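Dear colleague,

Please find the structure below, handed over for your consideration. My findings follow it.

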Amino acid sequence: MKPFIMRIEQNELIEQLLKVTEDSLKATTDLKNVSPEVLNFKPDHNDWSVLECMEHLNLYGDFYLPEIERCILNSPSLHEGILFKSSLIGDYFVNSIKATNQKKMKAPKMMTPETSQLSAITLDKFIKQLEKLKSLLYQAKKVNLTKNYTAISLTRIIKLRLGDTLRFIVYHNERHIRQAENVKAKACR
């Protein structure tokens, strides 16, 4: 049996990613109304607080947003109607981090927040990153998401298609925002 490879019209994919990013932006903005005690609450010493979840996303954004921007800026423009075709490794990474995947994952050390003594500034930074991501998604409509590649944070050996990288960062954000919302709910019980 042949493995499933995602095929979708580029603009449709970007519209889906923009919708998830808008939802992430709203959820993060809502967190700004939460007390510092709730934002720093840890259900267990091994669990992350709301702000640690956000700081983890900031660390990923610090790597991926400049990488995505570099890729877009260095790519030739194209006409509308291009089909995006994911790669096997891209689908693997995206499916492993989607919020629907309940399997716990260990974050790489360099992407782990160091302390729970974070502040609302962490949320402000992530909101700015989400705004930047939205801008990059709009810019990505003009380049081929299949034929352009980005580096990944885990290794210099593997490169992902730009479309797979965009899918990864958007769904990774969604996963950890849901995690943060679950921590908030536990803190408010």
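Helices are DSSP runs of H or I with at least four residues, numbered from the N terminus. This is a predicted model, in which local features need pLDDT of at least 70 and side-chain atom pairs count only at pLDDT 80 or more, while totals for chains, interfaces and linings use all residues. Residues are numbered from 1 along each chain as its sequence is written, and side-chain values use heavy atoms, with hydrogens and water left out.

Met-54 lies in helix 3. With a relative accessibility of 0%, Met-54 counts as buried (under 20% relative accessible area, 1.4 Å probe, protein chains only). Beyond residues up to four places away in sequence, Met-54 touches Thr-28, Leu-31, Thr-122, Leu-123, Phe-126, His-176, Ile-177 and Ala-180; contact means heavy atoms within 4.5 Å. Met-54 and Thr-122 are 68 residues apart along the chain, yet 6.6 Å separates their C-alpha atoms.

Helix 3 itself is largely enclosed by the rest of the structure, because 17 of its 24 residues are buried.

The largest nonpolar core (buried Ala, Val, Leu, Ile, Met, Phe, Trp, Tyr and Cys residues joined through side-chain atoms within 4.5 Å) has 31 residues, of which Ile-68, Leu-137, Leu-145, Leu-162 and Leu-166 touch the most other members. At least two residues of this core come from each of helix 1 (10–31), helix 3, helix 4 (88–97), helix 5 (120–140) and helix 6 (162–187). Another core, of 20 residues, lies apart from it and includes Val-34, Trp-48, Val-50 and Leu-51.

Yours sincerely

Definitions and conventions: Buried means under 20% relative accessible area, exposed over 50%, partly exposed in between (1.4 Å probe, protein chains only).
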